[in-house]
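Here is a short briefing to read with the model open beside you. It goes topic by topic, so feel free to click along as you read.

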Amino acid sequence: MSRPESSAEQKAQGYALGQIVQQLRLPRTSEWLANAAGVSVDTLRRIESGKVGSPGVFLVARLSGALGVTMDELLRLVSKQVKRKETN
């Protein structure tokens, strides 16, 4: 069963999540983070490029854990990024 298409808001949040994940990951490689989070490199690259509009909660939890931040902190950063984009 396929997932419904993401809304514009979900796409904006997904794009912001990708940017934040990439910022927190650097200077480490995407291969490092994918391995640490237990996801494929392809999945991580899709997230970082903003192609995943609404990743699942467990995926976000694995990424935040691997990056050494809480889910709350990661989502706060995403929210700030989305608001910043809305005002520009």
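In this predicted model, helix H4 has a buried set made up of Leu-59, Val-60, Leu-63, Ser-64, Ala-66 and Leu-67. These residues span an arc of only 165° around the axis, so they sit on the same side of H4. The notes below start with that helix and then move on to its surroundings.

**Helix H4**

- The buried residues of H4 pack against H1, H2, H3 and H5.
- On the face turned away from that buried side, H4 carries the exposed residues Phe-58 and Gly-65.
- After H4 comes Gly-68, which has a positive phi, near 80°.

**The nonpolar core**

- The largest nonpolar core contains 19 residues, and Leu-17, Val-21, Leu-33, Leu-44 and Leu-63 have the most contacts inside it.
- Two or more residues of this core come from each of helix H1 (8-25), H2, helix H3 (41-48), helix H4 (57-67) and helix H5 (71-87).
- H4 provides the largest share of this core, with five residues.
- As a general point, nonpolar side chains in soluble globular proteins tend to be buried together.
- Leu-33 is a good residue to click on: setting aside residues up to four places away in sequence, Leu-33 touches Val-21, Arg-25, Leu-44, Glu-48, Leu-63, Ala-66 and Leu-67.

**Helix H3**

- Which residues of H3 are buried? They are Leu-44, Ile-47 and Glu-48.
- Because these residues cover an arc of only 95° around the axis, they lie on the same side of H3.
- H1, H2 and H4 are among the elements that cover the buried residues of H3.
- Just after H3, Gly-50 adopts a positive phi of about 80°.

**Ser-30 in helix H2**

- Ser-30 belongs to helix H2, which covers residues 30-37.
- Is Ser-30 buried or exposed? Its relative accessible area is 9%, which is under the 20% cut-off, so Ser-30 counts as buried.
- The side chain of Ser-30 makes a polar contact with the side chain of Glu-31, at 3.4 Å.
- Not counting neighbours within four places in sequence, Ser-30 is in contact with Arg-25, Val-41, Leu-44, Arg-45 and Glu-48.
- Leu-44 and Glu-48 in that list are also buried residues of H3.

**The largest pocket**

- The largest pocket has a volume of about 280 Å³.
- It is lined by 18 residues, and those closest to its centre are Gln-13, Gly-14, Gly-53, Leu-75 and Val-78.
- H1, H4 and H5 are the elements that each give two or more residues to this lining.
- Which element gives the most to the lining of the largest pocket? That is H5, with seven residues.

**Gln-13 in helix H1**

- Gln-13, one of the residues closest to the centre of the largest pocket, is located in helix H1.
- With a relative accessibility of 35%, Gln-13 falls between the 20% and 50% cut-offs, so Gln-13 counts as partly exposed.
- Leaving out neighbours within four places in sequence, Gln-13 is in contact with Val-78 and Val-82.
- Val-78 is also among the residues closest to the centre of the largest pocket.
- From C-alpha to C-alpha, Gln-13 and Ala-66 are 20 Å apart in space, with their positions 53 residues apart in sequence numbering.

Terms used
Residues numbered from 1 in each chain as written. Predicted model: local features only at pLDDT ≥ 70, side-chain atom pairs only at ≥ 80, totals over all residues. Heavy atoms only, no water. Helix = DSSP H or I, 4+ residues; strand = E, 2+ residues; numbered from the N terminus. Buried < 20%, exposed > 50% of the residue type's maximum accessible area, 1.4 Å probe, protein only. Polar contact = N/O pair within 3.5 Å; in protein donor to acceptor, adjacent residues only side chain to side chain. Contact = heavy atoms within 4.5 Å. Core = buried A, V, L, I, M, F, W, Y, C linked by side-chain atoms within 4.5 Å. Arc of directions from axis to C-beta. 1 Å grid on protein atoms, 1.4 Å probe; cavity = no way out; pocket = protein on both sides within 12 Å on 5 of 7 lines; lining within 4 Å. Points joined across faces, edges and corners; volume = space filled by probe spheres on them.
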